[in-house]
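Okay, thanks for coming, everyone. I'll put the sequence and the structure up now, and then I'll talk you through them.

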Amino acid sequence: MLTGGGDMMRNRELKAVIFDMDGVLIDSEPIHFLVEQKLFRQFGLRITEEEQHAYVGVPMKEMWKLIRTRHSLTLSEEQLLAGHKEQLIAEFSTAEPFEAMEGLRELLSEIKNRGLKTAVASSSPRQLIETVLARLRLTPMFDVIVSGEEVKQGKPSPDIFIEAASLLQATAGECIVIEDSCNGVRAAKSAGMECIGFYNPNSGNQDLSGADRVIRHFSEITGGELQ
Ligand SMILES: O=P(O)(O)OC[C@H]1O[C@@H](O)[C@H](O)[C@@H](O)[C@@H]1O
């Protein structure tokens, strides 16, 4: 793995790889789906699978804003957010098994050996990102973390990737993003970045056709792509 040229030789120098978290670092969209479904039941909301899958990659604040309008929900955004975050932290702190995506550790070592920088740019709250990285013992592997709470507009807007690149002191053209959701791919491409779509069947029905290419396993990332 990761030797040889690869199909996508870059004509600019690569400085950083930016990872989405849910569905990429860890197969966690099923945990999000279950927590959301519990909340939908609690609030008497009828939300189809199609609607729920369209929220993948969108920060919870923006998801609840849309749901409040679409389903005439009267609870305040603050009440909805506080309950949601609390349940997510509880679930993610205890979920078992809790494993990094297959091939991720090898890819991160290769990226580090090449002297590249790394970031996590996830729509999840910062506390959740830190919980996940700590449980996976991957915290030291990332130079920068940007959460959905720290940008004005969440995915599919490009803000989170622009902020990550700025913290990494890299230009958009010097970054590659790895994303499993349609909203995430749209955000990366709007930021002017190369984007590898990561097909994860557990992340719902996601259109990754906007990505530069789609992989199913990290071992498909070639040495040429990391130059
Ligand atoms: O940007 P990421 O890491 O894919 O995070 C996505 C998740 O972020 C959460 O905040 C949302 O509640 C989830 O519904 C969403 O799927």
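Let me start with one bit of bookkeeping: when I say helix, I mean a DSSP run of H or I that is at least four residues long, and the numbers count from the N terminus. With that in hand, here's a first residue to find: Leu 66, which sits in helix H3. Also keep in mind that what you're looking at is a predicted model.

So, is Leu 66 buried or exposed? Somewhere in between: it has 13 C-beta neighbours inside 10 Å, so it counts as partly exposed. The cut-offs are 20 or more for buried and 12 or fewer for exposed. If you want a sense of scale, take Leu 66 and Leu 208: they're 142 residues apart in sequence, and C-alpha to C-alpha they're 23 Å apart in space.

Now zoom out. How many helices and strands does the chain have? Eight helices and six strands. Going along the sequence, the order is β-α-α-α-α-α-β-α-β-α-β-α-β-β.

On overall size, the C-alpha atoms fill a box of roughly 55 × 35 × 30 Å along the principal axes. The radius of gyration is 17 Å, and that agrees with the value near 17 Å that a compact globule of 227 residues would have. Of those 227 residues, buried ones make up 40%. And if you take contacts between residues at least 6 apart in sequence, 68% of them join residues at least 24 apart.

Next, the domains. The assignment gives two pieces: domain 1, which is 16–27 + 99–226, and domain 2, which is 29–94. Their centres, over C-alpha atoms, are separated by 23 Å. Where they touch, domain 1 puts in 19 residues and domain 2 puts in 14 residues. On the domain 1 side, the elements giving two or more residues are helix H6 (126–135) and helix H8 (182–190). H6 gives the most there, with four residues. What is that side made of? It divides into three nonpolar, 14 polar and two charged residues.

That brings me to the ligand. Where does it lie relative to the domains? Both domain 1 and domain 2 give residues to the shell around the ligand, so it lies between them. There are 18 residues around it, and the ones that come nearest are Met 21, Asp 22, Met 60, Ser 122 and Ser 123. Helix H1 (29–42) and helix H3 (60–70) are the elements that give two or more residues to that shell. By type, the shell has six nonpolar, nine polar and three charged residues.

Okay, the inside. The largest nonpolar core has 48 residues, and the ones with the most contacts inside it are Ile 18, Phe 19, Ala 119, Phe 161, Ala 164 and Val 177. Helix H7, residues 159–167, supplies the largest share, five residues. Both domains take part as well, with at least three residues drawn from each of domain 1 and domain 2. Apart from that core there's another, of eight residues, including Met 60, Met 63, Ile 67 and Leu 80. You'll remember Met 60 from the list of residues that come nearest the ligand.

If you want one residue of the big core to click on, try Ala 119. Leaving out residues up to four places away in sequence, Ala 119 touches Ala 16, Ile 18, Phe 19, Phe 142, Asp 143, Val 144, Ile 145, Val 146, Ala 164 and Leu 168.

Last, some backbone oddities. Where are the cis peptide bonds I'd like you to look at? One runs from Glu 96 to Pro 97, with omega near -5°, and Pro 97 lies in the loop between helix H4 (77–94) and helix H5 (104–113). Another runs from Lys 155 to Pro 156, with omega near 15°, and Pro 156 is in the loop between strand S3 (144–147) and H7.

Then there are a couple of positive phi values. Ser 72 isn't a glycine, but its phi is about 45°. Ser 72 is in the loop between H3 and H4, and it is exposed, because just 7 other C-beta atoms lie within 10 Å. Arg 137, also not a glycine, has a phi of about 55°. You'll find Arg 137 in the loop between H6 and S3, and with 10 C-beta neighbours inside 10 Å, it counts as exposed.

That's my tour, so over to you.

Conventions:
Residues are numbered from 1 along each chain as its sequence is written. This is a predicted model: local features need pLDDT of at least 70, side-chain atom pairs count only at pLDDT 80 or more; totals for chains, interfaces and linings use all residues. A residue is near a molecule or strand if its C-beta atom, placed from the backbone, lies within 6 Å of it. Ala, Val, Leu, Ile, Met, Phe, Trp, Tyr, Cys and Pro count as nonpolar, Asp, Glu, Lys and Arg as charged, and the others, Gly among them, as polar. Domain bounds come from an automatic or database domain assignment. A nonpolar core is a set of buried Ala, Val, Leu, Ile, Met, Phe, Trp, Tyr and Cys residues joined through C-beta atoms within 7 Å. Two residues are in contact if their C-beta atoms, placed from the backbone, lie within 7 Å. The radius of gyration is taken over C-alpha atoms; the globule rule is 2.2 Å times the number of residues to the power 0.38.
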